[in-house]
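Here are a few exercises to work through with the structure open in your viewer. Try each task before you read its solution.

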Amino acid sequence: MLLVVTYSREARQTLRNVCNTHEESVVQRFGRAALFEATELGAFLALRLREKHDADVQIERTVPFNEFETVGDDVRTAAREYESRDQPSTSYAKFAAGTDCPDPEAMADREL
């Protein structure tokens with residue numbers, strides 16, 4: 001998919017117009033941003049916005065997140081265990097201390 005983010009009122013208005021006109025190419029709208037289908041039409045619409053508004057439009061290509069290919073089992077297990085904790089107010093750092101769960105600072109330093 002293509003993520004299009006706008007940074008000016010004029011670019012947001014054009015994005016809104018494009019989304020309303022080409023709903024079939026829009027996966028999701030988020031106010032000043034939208035996800036377009038990864039098709040040539042989606043690319044055309046995104047590039048048209050950037051051509052019109054230059055730096056007020058950012059385009060990024062996104063890829064689906066496959067947790068089983070991208071994230072280690074320790075992180076998936078930690079997320080599952082943390083969400084089933086007894087005390088909802090316990091921070092993750094406190095929850096993970098003294099367990100096999102990965103340290104939050106260590107996770108912050110590791111890229112996917």
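**Exercise 1. The two sides of a helix**

Task: This is a predicted model. Find out which exposed residues sit on the face of α1 turned away from its buried side, and work out how the buried residues of α1 are arranged around the axis.

Solution:
- Step 1. Start with the outward face: R9, E10 and T21 are the exposed residues on the face of α1 that points away from its buried side.
- Step 2. Now get the dimensions of α1. The helix runs over residues 9-21, so to speak 13 residues, and reaches 18 Å from first C-alpha to last, close to the 18 Å expected at 1.5 Å a residue.
- Step 3. List what is tucked away: A11, T14, L15, V18 and C19 are buried in α1. These residues cover an arc of only 135° around the axis, so they end up on the same side of α1.
- Step 4. Look at what that side meets. The buried residues of α1 pack against β1 (2-6), β2 (26-29), β3 (33-36), α2 (40-53) and β4 (57-61).

**Exercise 2. The sheet and its helices**

Task: Give the order of the strands in the open sheet, then say which strands stand at the edges.

Solution:
- Step 1. Trace the sheet from one side to the other: its four strands come in the order β2-β3-β1-β4, with antiparallel pairing.
- Step 2. Check the ends. β2 and β4 each have a single partner strand, so one side of each has no neighbour in the sheet.
- Step 3. Going from one strand to the next, the twist averages 20°.
- Step 4. Zoom in on one pair: β2 and β3 are joined in the antiparallel sense over three bridges. Here Q28 stands opposite L35 in β3.
- Step 5. Add the helices. α1 lies across β1, β2, β3 and β4 and runs at about 35° to β3. α2 lies across β1, β3 and β4, at about 150° to β4.

**Exercise 3. A proline in a helix**

Task: Is P104 buried, partly exposed or exposed, and which residues does P104 touch beyond four places away in sequence?

Solution:
- Step 1. Locate the residue: P104 belongs to helix α6, residues 104-109.
- Step 2. Its relative accessible area is 27%. Buried means under 20% and exposed means over 50%, so P104 counts as partly exposed.
- Step 3. Leaving out residues up to four places away in sequence, P104 touches Y92 and A93.
- Step 4. For one more distance, take V75: P104 and V75 are 29 residues apart in sequence, and their C-alpha atoms are 10.0 Å apart in space.

Notes: Residues numbered from 1 in each chain as written. Predicted model: local features only at pLDDT ≥ 70, side-chain atom pairs only at ≥ 80, totals over all residues. Heavy atoms only, no water. Helix = DSSP H or I, 4+ residues; strand = E, 2+ residues; numbered from the N terminus. Buried < 20%, exposed > 50% of the residue type's maximum accessible area, 1.4 Å probe, protein only. Contact = heavy atoms within 4.5 Å. Expected span 1.5 Å × (residues − 1). Arc of directions from axis to C-beta. Pairing = 2+ DSSP bridges. Axes fitted to C-alpha atoms, helices over the stretch in contact; angles between N-to-C directions.
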